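Trainee: I should like to request a close look at a single part of this model, namely one chain and its surroundings. Please treat the matter as one connected account.

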Amino acid sequence: MIVFLATVVVGMGTYLSRSIFILALARRKIPDPVLVALQFVAPAVLGALIVALLIDEDGSVAIGIPEVAALGVGAGVAYRTRNHILTLVAGMGVFWVVRALV
Amino acid sequence: MSVDRAIVRRGITDALPLFVPAVPFALVIGLAIVESGIDPFSGWSGSWLIFAGAAQLTLVSLLGSGAAVIAAITAALVVNARHLMYSAAMAPPFQRQPAWFRWLAPYALIDQMFALTIIEADSEPETFRTYYLAAGATFWILWQLTTALGLALGPVVPQEWNLEFAVPLLFMGLLVLGIDKWTKAVAALAGAGVTYVFAGLPSRTGLLVGALAGIAVGFALERMRR
């Protein structure tokens, strides 16, 4: 139930962020400093998320050689190909191979 | 009022190739819901309640990994803050649209829809509306189906594949694709580093500290450059 409610809240927030200028503030502009900050939201949050998802329940960071190798190769493949499917395949492949070796 | 079928067809055929990069996201969201142990319907409901892949994946994977609910909600909403820019950019063409469409359309203003329809902003209002609805409906239907497919595949995938690692991997792909200047790379590193330092904070709230630090670092660097 709590998961469903959390989903509803995120859904409402998402709709608000997509609709606010279209519905209410059509004649307003986003202030310059906000625009500058907004462009760093995605990289900052994604960088934080990647690390946060590799933290164990007890708060210790579970980043070993397989994870680092896979994320590195994944980043390289994403940069070169700009293709999420190849990124996923290469990254998981490296993860499995390195894990079997170490 | 007759609907121009040629425009509908163009909306659908323009949407299809753009959906391809979203397929791994949709499947991984389905898998992540199964992996997280949250109830499948609640997890999948994000597909239509939120209709934004990165936010849904953030919410599901954080809730599944024992994050505080408020931290998971905040992180998902912060991931979605980019939509403010889409909303502001799309405001002018929407001022010539009827109220019902202005209320409905933002629900479908996903990344791909923004990319597709911002270049149609100068079209005649009815053409714009038909195109938007056709492309939006295409994305919406495919998204519901592919996230459900991921959900169905979840129990079939062996545990030892550790497919939950696909989630940070996909976020890494998104991150790299979004970096077009060095200040963004530094913001990402700051976000990651600070989250690492604050990993011991309860319920993954270190994530929020890291995200804020990353934004602050990027903002400060950008200001110094000017």
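Among contacts in chain A between residues at least 6 apart in sequence, what percentage join residues at least 24 apart? Please go on from there to the fold of the chain and to its contact with chain B.

Mentor: The model is a predicted one. In chain A, 37% of the contacts between residues at least 6 apart in sequence join residues at least 24 apart. The chain holds 5 helices and 0 strands, so that the order of elements from the N terminus reads α-α-α-α-α.

The overall dimensions come next. Chain A has a radius of gyration of 19 Å, whereas a compact globule of 102 residues would have one near 13 Å. Along the principal axes, the C-alpha atoms of chain A fill a box of roughly 60 × 40 × 25 Å. Of the 102 residues in the chain, 43% count as buried.

The partner chain must be considered alongside. In the contact between the two chains, 57 residues of chain A meet 80 residues of chain B. On the side of chain A that touches chain B, the elements giving two or more residues are α1 (2-24), α2 (32-38), α3 (41-52), α4 (65-81) and α5 (84-101) of chain A. The largest share of that side, 19 residues, is supplied by α1(A). Sorted by class, the side of chain A that touches chain B comprises 42 nonpolar, 12 polar and 3 charged residues.

The nonpolar core may be taken together with this contact. The largest nonpolar core has 102 residues, and those with the most contacts inside it are A:A44, A:V45, A:L49, B:V28, B:A72 and B:A75. The element that gives the most to this core is α3(A), with 10 residues. B:A75 offers a view of the core from chain B: leaving out residues up to four places away in sequence, B:A75 touches A:V45 and A:L49 of chain A, and B:T58, B:L62, B:L207 and B:L208 of chain B.

The helix α5(A) merits separate attention. This helix has 18 residues and reaches 26 Å from its first C-alpha to its last, close to the 26 Å expected at 1.5 Å a residue. Its buried residues are A:H84, A:T87, A:L88, A:A90, A:G91, A:V94 and A:F95. In an α-helix there are 3.6 residues a turn, so residues three or four places apart point the same way. The cover over the buried residues of α5(A) includes α4 of chain A, together with α2 (23-36) and α10 of chain B.

One residue of this helix can be followed in detail. A:L88 is placed in helix α5 of chain A. A:L88 counts as buried because it has 24 C-beta neighbours inside 10 Å, the cut-off being 20 or more. Apart from neighbours within four places in sequence, A:L88 is in contact with B:P24, B:A166, B:L169 and B:L170. Within chain A, A:L88 and A:A70 are 18 residues apart in sequence, and their C-alpha atoms are 9.5 Å apart in space.

Just before this helix in the chain comes a backbone feature. A:R82 lies in the loop between α4 and α5 of chain A, and has a positive phi of about 50° although it is not a glycine. A:R82 counts as partly exposed because it has 13 C-beta neighbours inside 10 Å. Chain B offers a counterpart for comparison. B:F51, a residue other than glycine, has a positive phi near 55°, and sits in the loop between α3 (40-49) and α4 (53-64) of chain B. B:F51 is buried, with 22 other C-beta atoms within 10 Å.

Finally, the division of chain B should be noted. The domain assignment of chain B gives domain 1 (5-178) and domain 2 (179-226). Their C-alpha centres lie 24 Å apart, and the contact between them takes 12 residues from domain 1 of chain B and 8 residues from domain 2 of chain B. On the side of domain 1 that touches domain 2, the elements giving two or more residues are α5 (69-79) and α10 (166-178) of chain B. The largest share of that side, 4 residues, comes from α5(B). By class, the residues of this side divide into 8 nonpolar, 4 polar and no charged.

How values were computed: Residues numbered from 1 in each chain as written. Chains lettered and ligands numbered in written order. Predicted model: local features only at pLDDT ≥ 70, side-chain atom pairs only at ≥ 80, totals over all residues. Contact = placed C-beta atoms within 7 Å. Nonpolar A, V, L, I, M, F, W, Y, C, P; charged D, E, K, R; others polar. Domains from an automatic or database assignment. Core = buried A, V, L, I, M, F, W, Y, C linked by C-beta atoms within 7 Å. Buried ≥ 20, exposed ≤ 12 C-beta atoms within 10 Å, placed from the backbone. Expected span 1.5 Å × (residues − 1). Rg over C-alpha atoms; globule rule 2.2 N^0.38 Å.
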